[in-house]
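Student: I should like a close look at a single part of this model, namely its sheet. Please describe how the strands are arranged and what lies against them.

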Amino acid sequence: FIPNQTSNRDTPQPRHQNIPVELGKVEHYDTNLYKRNDPQGWYQRMQDIHNRNVSVKVDLRDLRVVSDDYAATSSTFAPAANKEETDNATHGKKPYFGLQQERRLRVLAGERVGMNIIKLDSDRYEDQPDNERFGVTKMQQLLSDAKKTELGEEYWPTVEVKVRNPSGQSKAMQSLIDYNRIEAQSKELFAQYREIKKKALFVSPTDLYLKDRSVDAAAAGGSSRTSVTSEGY
């Protein structure tokens, strides 16, 4: 992989360096004590602050796939005439990351990826060049592992969604077949209600209950599996 903005070989850009800075009265007093009583320890402390950590940052949008015509289209090896040609040559190449590659990278790197930027902090070794080399190596391993999604869908990250088991009422409202069945049965019961109301002052609610096969089977002393309506319920 290559960064989008690459420096010219003739005029290499300076490498990033950590600048030791100490702020606050207590830290300043502590530094003076180191200077006065142990100059060598103070110098070594400054070296440790200078070399303790290296941050490797990569913008995922700047990564491009190296193609055969890179030498002819890149602004690094073939300078363009104006800024428009430079932009077209730089952004015309295929992006290094796709949707599934970025999803897999977020699973592998975790909180180290955010806002299209991956950042690795390396403080394993004493010297800064070793930490930088170690960080770049780990970065290459992560990016290569994220590209495994091109081998097949079995490398795509999956998402587990927990769905609660809905109640019978929710199932009836979400199912068109059950909705039509209940509406038809309700019309029949309402017709029965009108006939009973002509003869009686009070109609028991139990006379208008929807028929439940499990209740009918329990009343008949059988199993709910054997009692199936004509509509298959």
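**The sheet and its surroundings**

Tutor: The sheet is open and consists of 3 strands in the order β1-β3-β2, with antiparallel pairing. Its edge strands are β1, residues 54–59, and β2, residues 113–114, each of which pairs on one side only. Please bear in mind that this is a predicted model.

Consider the pairing of β1 with β3. These two strands are antiparallel and are joined over 6 bridges. Within this pairing, Val54 has Ser122 of β3 as its bridge partner.

On the other side, β2 is joined to β3, residues 117–122, by 2 bridges, and these strands also run antiparallel. Val113 is bridged to Ile118 of β3, and Gly114 has Ile117 of β3 as its bridge partner. The strands β2 and β3 form a hairpin with 2 residues between them. In that turn, Met115 has a positive phi of about 55°.

The side chains of β3 alternate along the strand. Ile118, Leu120 and Ser122 point to one face and are buried. Ile117, Lys119 and Asp121 point to the other face and are not buried. The two bridge partners in β3 named for the hairpin can be placed in this pattern: Ile118, the partner of Val113, belongs to the buried set, whereas Ile117, the partner of Gly114, does not. Ser122, the partner of Val54, is likewise among the buried residues of β3.

A helix must be added to this picture. Helix α6, residues 128–146, lies across β1 and β3 and runs at about 140° to β3. One of the residues in α6 is Phe134. Leaving aside its neighbours within four places in sequence, Phe134 is in contact with Ser122, Arg124 and Tyr125. Of these contacts, Ser122 is a residue of β3 whose side chain is buried. The C-alpha atoms of Phe134 and Val56 are separated by 9.9 Å, although the two residues are 78 residues apart along the chain.

The exposure of Phe134 itself deserves a careful statement. Its relative accessible area is 22%, and a residue counts as buried only under 20%, so Phe134 is classed as partly exposed.

In summary, β3 stands between β1 and β2 in the strand order, and helix α6 lies across β1 and β3. Phe134 of α6 makes contact with Ser122, which is also the bridge partner of Val54.

Terms used
Residues numbered from 1 in each chain as written. Predicted model: local features only at pLDDT ≥ 70, side-chain atom pairs only at ≥ 80, totals over all residues. Heavy atoms only, no water. Pairing = 2+ DSSP bridges. Helix = DSSP H or I, 4+ residues; strand = E, 2+ residues; numbered from the N terminus. Contact = heavy atoms within 4.5 Å. Axes fitted to C-alpha atoms, helices over the stretch in contact; angles between N-to-C directions. Buried < 20%, exposed > 50% of the residue type's maximum accessible area, 1.4 Å probe, protein only.
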